[in-house]
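Q: Please take a close look at one strand pairing in this structure and follow the strands outward from there. A connected account is requested, with the pairing partners set out residue by residue.

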Amino acid sequence: MMTRKNKNIAIIGGGHNGLICGSYLAKAGFKVDLYEARSDIGGMASTRELADGYKVPGAAHLLHQIDSGIQKSLKLKQHGLSYAASGLKTVSINPKGNALIFDDDNISGDDITLREQDQYKEFKVNMKGLSGFFKKTYQSRPPRLGSEDRKDLTGLMSLGWNLRTMGKDSMRNMLKFIAVNIHDVLNEYFEHEHIKGSIALDALLGNRLGPRTNNSVITYLHQLTGDLNGVQGSYAIPKGGMNSYTQALQKAAESAGVTVHLNSPIKQIDLDDENKVKGLILENGETVQADIVVSGIDPRSTFMCLVGPKYLEPGVVHKISNIRMRGNTSKLHLALSGLPVFKGVEPDDLGHRIINAPTMKYLELAHDFTKYGQYSDELPMEIIIPSIHDDTLAPKGRHVLSAIVNNTAYHLKDGWDDSKPKILENCLNQLENMAPGIKKLIVHAELLSPVDFENEYGITGGHWHHGELTFDQFLMLRPISGMAQYTSPIESLYLCGAGSHPGGGLMGLAGRNAANEIISRES
Amino acid sequence: MLQQDHYKQSVYKTPFHERTSALNILNEWARWKDYTVATNYFATDLEYFAVRNTTGVIDYTPMVKQKITGPDAAEFVNRFFTRDMNKISIGRVGYVVWCDEQGQVLDDGTVFHIRENEYWLLCVERQLDNLGIAAIGFDVKIEEITDEVACLGVQGPTSCSILKAMGFEGIEHLKPFDIKHYDFQGQEIMISRTGFSGDLGYEVCMVNEVALNFWDDLFDKGEIYGIHPFGLDALDLVRIEAGLLVPGQDFMVAEDAIRPGSTRSPFELGLSWLVDLSKPVFNGRQALLEEKKRGSRYTFVKLNVNGNKPAEGSYLYNQSGKKIGNVTSAMFSPSAKANIAFASLHDPWKKGKDKIVAEIYYQKDLEWNKVMEEATIVTKPFFDPDRKRTTPAELY
């Protein structure tokens, strides 16, 4: 009889979800090999050489939503994960130089009144209550609809139970807010434009949405689900660069028995005559046998490129090709000869999370350009200067700046080749307005577009979450209906990436839930 | 199909209209996929007997025709249809069904394997959308050619003699489901030994330009063989006797169904022989595998009903009066001398144990009467003459 001891598992992709999935599988007794196309581990949570002596986070630049259960059970601290800074405040700047500071549930600055402080507290209490519902559902596989399986039925019941036990007010809020947009919700709580813009950015970052787009409440609640050291929605910077998180995961994986193969891009998932998994075919022609293949890369690439539409039912191909995954996010990286001075930002606050989202109107206008394949001169940004906390990232006295720039559509009318220098120039001009004199400090600058992310990390559309986190691509509909439980129509092929429930971010729950599912099905 | 100025005439005449309208002395017409076709020409029963005893001709140009070409055509059709398409070699026709992802039948039809990398699909519902979706990742071209190809069904015992008299050499050697191309007045026409009558018969596809000349020659040569046109009403009679299903009558087209329980899988239509689950992939396979494990909800049966009142639309009950299904098509068959019907049965009907009783309503001088008639299941087609299969075809 086949036991898990002699079943080989091949994992495609050494991002955090692949590593986490592999660790749990290896701990459960499977023989696990992990294949990463790039020369280092980590996928979108990795470190990138910007210029001689300057290092920046390649894509994700803040630790956020790391599931504490995973942190503990994989002993990430022991494997070297530590924070250069944690509990970061959010400093929202505006053109007038009035910064607004969000510190956990408190806000200050920009003529905030006591009443507005109370409003914010009330808002956070309500939203955390709602995101608590998501948080519970994120911890396990989503139930299938219409299934008679006992696990699915209890799953559905607990979904209903979680909704019911939220209490009357929260449940009412959930029903009221879930299908609308963050613009309407924020207008219900606040009058202060700067507060509303700042909060709305959290709903939009990484997504192709404007504040008035439906589904923007879900994305807001989603990013609230994570906690770091017990603080919900908190941010941290890992010591030693972003890849120290994934390096800790790699150590955890290797100590659990996972063999990591770098520089091993996969050409094809090898199938037998009955379309069952046989193993993998690498780009270099090498074939590896595997009883089970787990894909940590996005579902569209997995099925359209590695499996191939010919081996799938047309209905599945149709759904896979209709997953909405249009990247909208770029990264701006600067090597700086000194620390910049941001208008209205105290020197002590410079090491925190600086955001540029002065009003909801500002964000909506930026989205208007996106809709038509254009770009605004005024782009929303999330800026950090990690070198303030971590001196390994830049030469002494020098710094690196990393900014997530939203509303830069994957499909630009003029194409990225022509647009990129203009967008970079726009961003630098914007920064010069926020931090006069910063341009003179620039040693090196680069902009990575969604197209660059697609090429570098192999994500279709360059979408960070491997598919937009909207209600129709959520829970049992993620990535598509019929594949929600990390399984696929190809026998012994599983999914463990952000394209699966509960989606993107660095939380790693997709990887862990997938491992649980594989363990229960394949043992 | 919509063309410029389509609003001036939304229903089209087929290329045979000049002839069919002259013969349609009842002036009875129906709309079939944006074309006008005759429902009756002179008398339904006489048209029916022409098909059964001599030869009937039906204009079935409105049948939707799709052409699939390209290097991946064979692979494409094998993944689209439920049966093993590799068994349909060049020059052969196959009866097919295809399903949606839930394994529910979208339509049925015939596939003509015309030459290497070229297939034609003839069916009732337009399939460009479904075919197009299924073409993602395949090097194939899919076109609808309904308007470019005129089609006639030439069905009945003397059909082979007529076509032979028209000069189509060797036509009698065509086996059932064979295709042969001939020259007709400088144009290539396609004759296949197929049809909807359950008898010896042929279908002819031609370019529109030769349609009228072909009709004239056919009726000229066919006169001494008792050729007559027949309409949709007579067609419905012969196809029930032949045991052939019609989408939209014997089952809901899955795309058009509103209620999930109202669609049918191939297994539930008695078409298991068209499903090859050993193929690694085709649309609906996963769902059909599950149905195989779980059991089907419906059973399709052909019934021989007592009495002589057609059980049209009847509810069916078992011996204890529980509803166990309903009739989808019914007629009194002159050829089988039997009261026949198609039915879809469901729980609590038990095969071999339960009786089937039809609740039949009929009118006598405006007054409705009801009879309860017992029915028995028939496994063979109601009408199945040897000459349907005999090759070379008999020349009557």
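A: In this predicted model, strands β19(A) and β20(A) pair in the antiparallel sense over three bridges. Within this pairing, I355(A) stands opposite E382(A) of β20(A). Strand β20 of chain A covers residues 381-384, with M381(A) and I383(A) pointing one way and E382(A) and I384(A) pointing the other way. Each of these four residues is buried. In a regular strand the side chains alternate between the two faces of the sheet.

Strand β20(A) also pairs with strand β21 of chain A, residues 399-405. Four bridges join the two strands, which run antiparallel. Here M381(A) faces V405(A) in β21(A). M381(A) thus belongs to the pair with β21(A), while E382(A) is the residue opposite I355(A).

Strand β19(A), residues 353-356, has a further pairing with β7(A), parallel and over four bridges. In that pairing T90(A) stands opposite R353(A) of β19(A). Strand β7 of chain A comprises residues 90-93. T90(A) and S92(A) point one way from this strand, V91(A) and I93(A) point the other way, and all are buried.

Strand β7(A) pairs in turn with strand β8 of chain A, residues 100-103, in the antiparallel sense over three bridges. The bridge partner of V91(A) in β8(A) is I101(A). These two strands form a hairpin with six residues between them, and in this hairpin G97(A) takes a positive phi near 85 degrees.

Other elements of chain A can be described alongside this group of strands. An open sheet of five strands follows the order β13-β2-β1-β17-β23 in chain A, with parallel pairing. Its edge strands are β13 (259-261) and β23 (493-495), each of which pairs on one side only. On average, neighbouring strands of this sheet are turned by 20 degrees against each other, direction ignored. Strand β2 of chain A, residues 31-35, is joined to β13(A) by three bridges, and the two run parallel. In this pairing L34(A) has V260(A) of β13(A) as its bridge partner. Helix α1 of chain A, residues 16-27, lies across β1 (8-12), β2 and β17 (292-295) of chain A, and runs at about 165 degrees to β2(A).

A contact between helices is also found in chain A. The axes of helix α7 (residues 193-204) and helix α12 (residues 360-371) of chain A come within 8 Å and cross at roughly 35 degrees. From α7(A), the residues K196(A), G197(A), A200(A), L201(A) and L204(A) meet M360(A), Y362(A) and L363(A) of α12(A). The residues of this contact divide into six nonpolar, one polar and one charged.

Chain B contains an open sheet of five strands with antiparallel pairing, in the order β6-β7-β8-β5-β9. Strands β6 (92-99) and β9 (141-144) of chain B stand at the edges with a single partner strand each, so one side of each is left without a neighbour in the sheet. Strand β6(B) pairs with strand β7 of chain B, residues 105-115, in the antiparallel sense over eight bridges. In this pairing W98(B) stands opposite D107(B) of β7(B).

Key
Residues numbered from 1 in each chain as written. Chains lettered and ligands numbered in written order. Predicted model: local features only at pLDDT ≥ 70, side-chain atom pairs only at ≥ 80, totals over all residues. Pairing = 2+ DSSP bridges. Axes fitted to C-alpha atoms, helices over the stretch in contact; angles between N-to-C directions. Contact = placed C-beta atoms within 7 Å. Nonpolar A, V, L, I, M, F, W, Y, C, P; charged D, E, K, R; others polar. Buried ≥ 20, exposed ≤ 12 C-beta atoms within 10 Å, placed from the backbone.
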